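The exercises below are meant for a reader who is meeting this structure for the first time. Please look through the sequence and the model before trying each task, and then compare your reasoning with the worked solution.

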Amino acid sequence: MRISLKYGFLGLGMGGTSIAHACASVRMKDHHPYKAILVNTNEIDLRKLPNMANMTKKMLRGYEKGVARDIDKGQEAFLEHKEDIAKLIESEFFDRELVFVCCGLGGGTGTGAVIEAARMLHQNGFAGRFGLILTLPRLNEGRTVLNNALQRLQIIQKAMKGLGSIIVVDNEKLYREYLQTHPDKAIGDFMRHCNHTVARLLHEINIVTASFNPLGTYHFDSSELLKMFQRSGCITFGKCEIPETAVNPNMPDSYMLPIRQSIGILSDGYDPEKATAAAISMTASPKEAKRIFTMTMLDEVTKLVNTPGMEEAPIAIYADDYASHLAVYTLFAGLPLPKRVVELTEAVVTGQRDDAEDEAALALAGYAAKKQEEKADLDTLLDEPMEKKKPKKNDDPFAFLN
Ligand SMILES: Nc1nc2c(ncn2[C@@H]2O[C@H](COP(=O)(O)OP(=O)(O)OP(=O)(O)O)[C@@H](O)[C@H]2O)c(=O)[nH]1
Ligand SMILES: [Mg+2]
């Protein structure tokens, strides 16, 4: 097995470092192919993640107790240590081809730091070679968390054209699915499952393009995978495995139904018509590949990506010596933020309305609601003085914040 791209993961805050740690824990035969830099304010949370040779921890000293969901403080903590972090990026990520900033949206540390971290990568050799992995909070996580997440999403949404792809991890979606299959497990198990799912998926997509023998005329290679990740907008992945014996190339339902259902593992609620690029990679055993990958079958699969706004949609087929299943990996890129964001916004608005129905809350509403609005208003946000000393660069995706 080989990998296409050498990933680096810059984890911020507890959720972000947990995801980055899971991703860099992926093992191949005799080594760990990926690297991580783990940044947090909370010392205990950082210490809990097992030390590994391919990962470096950066404790934001002065904020050891965490920043208790205060995104301004989270940003301040990151900026206070920005020279050190920039040096770490240089020394640890010098050989990385693509870096993902990982952040659990909603807390103080990761959410506060995420924009400055993206800006840092952009200005330190990774312009056009970084993406974001962002978790969306669950609907019941409370208004502070939802507000924090939405505030940052507003800025990210504005800067989206200048950023690489955004992998949204929809905790609500993944939680509901996990609850169905594991009703007796604890929340910690769910988080681990979640992070492991992200890690495995990113790794599998990275090896499928590099490890198998291409069968068709088209080979989706490393440079094309990189191009896909460099595309601005959200990117969503799918993977399905169908026993080869169950696939009848002349009966599209036998494979198209499971393929369609598998799109959007980490987050769904996208309009696939809005994707500007897609890629489909399929593997099967050398013997069955001949029977399965007929022109009829490929035509059917092509329909999936044959939408008006699609700029490119390579379909690649491979033979995998060890396969007993047809495996289909899908990737849709250039998408707007998923529908869950609308739901999160509505949850905040509904929360405000509930307060107003309570008499005591009504009395306080003038103050509370105003503060709430101020925080959520993008113009007010953009007026906030950001870092003064930072070098002015025209191509900074967050230049509008200056
Ligand atoms: N998928 C996933 N989401 C997580 C995980 N840990 C936290 N989250 C999500 O991330 C959000 C932010 O939480 P944290 O990452 O703990 O926050 P933080 O950045 O450490 O910020 P503070 O603790 O406030 O300084 C939470 O509200 C969860 O929705 C994780 O391991 N996996
Ligand atoms: Mg924390």
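A residue is called buried when its relative accessible area is under 20%, exposed when that value is over 50%, and partly exposed in between. The model shown here is a predicted one.

**Exercise 1. Classify glutamate 43 by its accessibility, and describe its surroundings.**

Begin with the location: glutamate 43 belongs to helix H2. Next, take its relative accessible area, which is 26%, so that glutamate 43 counts as partly exposed. Then turn to the contacts, leaving aside residues up to four places away in sequence: glutamate 43 touches Met59, Arg61 and Glu64. Finally, consider a residue further along the chain: lysine 58 is 15 residues away from glutamate 43, and the C-alpha atoms of the two are separated by 9.7 Å.

**Exercise 2. Work out whether the two faces of strand E2 are covered or open.**

Start from the general rule that in a regular strand the side chains alternate between the two faces of the sheet. For E2, this calls for a look at each side in turn: Lys35, Ile37 and Val39 are buried on one side, and Ala36, Leu38 and Asn40 are buried on the other, which leaves both faces covered. The count for the strand, which spans residues 35-40, agrees with this, since 6 of its 6 residues are buried.

**Exercise 3. Find the strands that pair with E2, and follow the chain between them.**

First take strand E1, residues 7-12, which pairs with E2 in the parallel sense over 5 bridges. Within this pairing, leucine 12 has valine 39 of E2 as its bridge partner. The chain gets from E1 to E2 by way of helix H1 (residues 13-24), in a β-α-β crossover that is right-handed.

Then take strand E3, residues 55-59, which also pairs with E2 in the parallel sense, over 5 bridges. Here leucine 38 has lysine 57 of E3 as its bridge partner. Between E2 and E3 the chain passes through helix H2 (residues 43-48), and this β-α-β crossover is right-handed as well.

**Exercise 4. Place these strands in the whole sheet, and say which strands stand at its edges.**

The sheet is open and is formed by 11 strands in the order E3-E2-E1-E4-E5-E6-E8-E11-E9-E10-E7, with mixed pairing. Its edges are held by E3 and strand E7 (213-214), each of which has a single partner strand, so one side of each is left without a neighbour in the sheet. Moving inward past E2, one reaches E1, which is joined to strand E4 (residues 98-104) by 6 bridges in a parallel run. In that pair, tyrosine 7 stands opposite leucine 98 of E4.

**Exercise 5. Decide how helices H5 and H6 are oriented relative to each other.**

Helix H5 (residues 109-126) and helix H6 (residues 143-159) pack at an angle of about 10 degrees, and their axes are 10 Å apart. Angles under 35 degrees count as roughly parallel, and H5 and H6 are therefore roughly parallel to each other. In the contact, Thr111, Gly112, Val114 and Ile115 of H5 meet Asn148, Arg152, Ile155 and Ile156 of H6. By class, the residues of this contact are 4 nonpolar, 3 polar and 1 charged.

**Exercise 6. Examine the positive phi values of alanine 68 and arginine 69.**

Alanine 68, in the loop between E3 and helix H3 (71-80), has a phi near 45 degrees, a positive value in a residue other than glycine. Its relative accessibility is 74%, so alanine 68 counts as exposed. Arginine 69, in the loop between E3 and H3, has a positive phi of about 65 degrees although it is not a glycine. With a relative accessible area of 46%, arginine 69 is partly exposed.

Key. Residues are numbered from 1 along each chain as its sequence is written. Chains are lettered from A and ligands numbered from 1 in the order in which they are written. This is a predicted model: local features need pLDDT of at least 70, side-chain atom pairs count only at pLDDT 80 or more; totals for chains, interfaces and linings use all residues. Side-chain values use heavy atoms; hydrogens and water are left out. Buried means under 20% relative accessible area, exposed over 50%, partly exposed in between (1.4 Å probe, protein chains only). Helices (H or I, at least four residues) and strands (E, at least two) are DSSP runs, numbered from the N terminus. Two strands pair if DSSP finds at least two bridges between them. A crossover is right-handed if, with the strands pointing away from the viewer, the path from the first strand over the helix to the second runs clockwise. Axes are lines fitted to C-alpha atoms, for helices over the stretch in contact, and angles run from 0 to 180 degrees between N-to-C directions. Angles under 35 degrees count as roughly parallel, over 145 as roughly antiparallel, 65 to 115 as roughly perpendicular and the rest as oblique. Contact means heavy atoms within 4.5 Å. Ala, Val, Leu, Ile, Met, Phe, Trp, Tyr, Cys and Pro count as nonpolar, Asp, Glu, Lys and Arg as charged, and the others, Gly among them, as polar.
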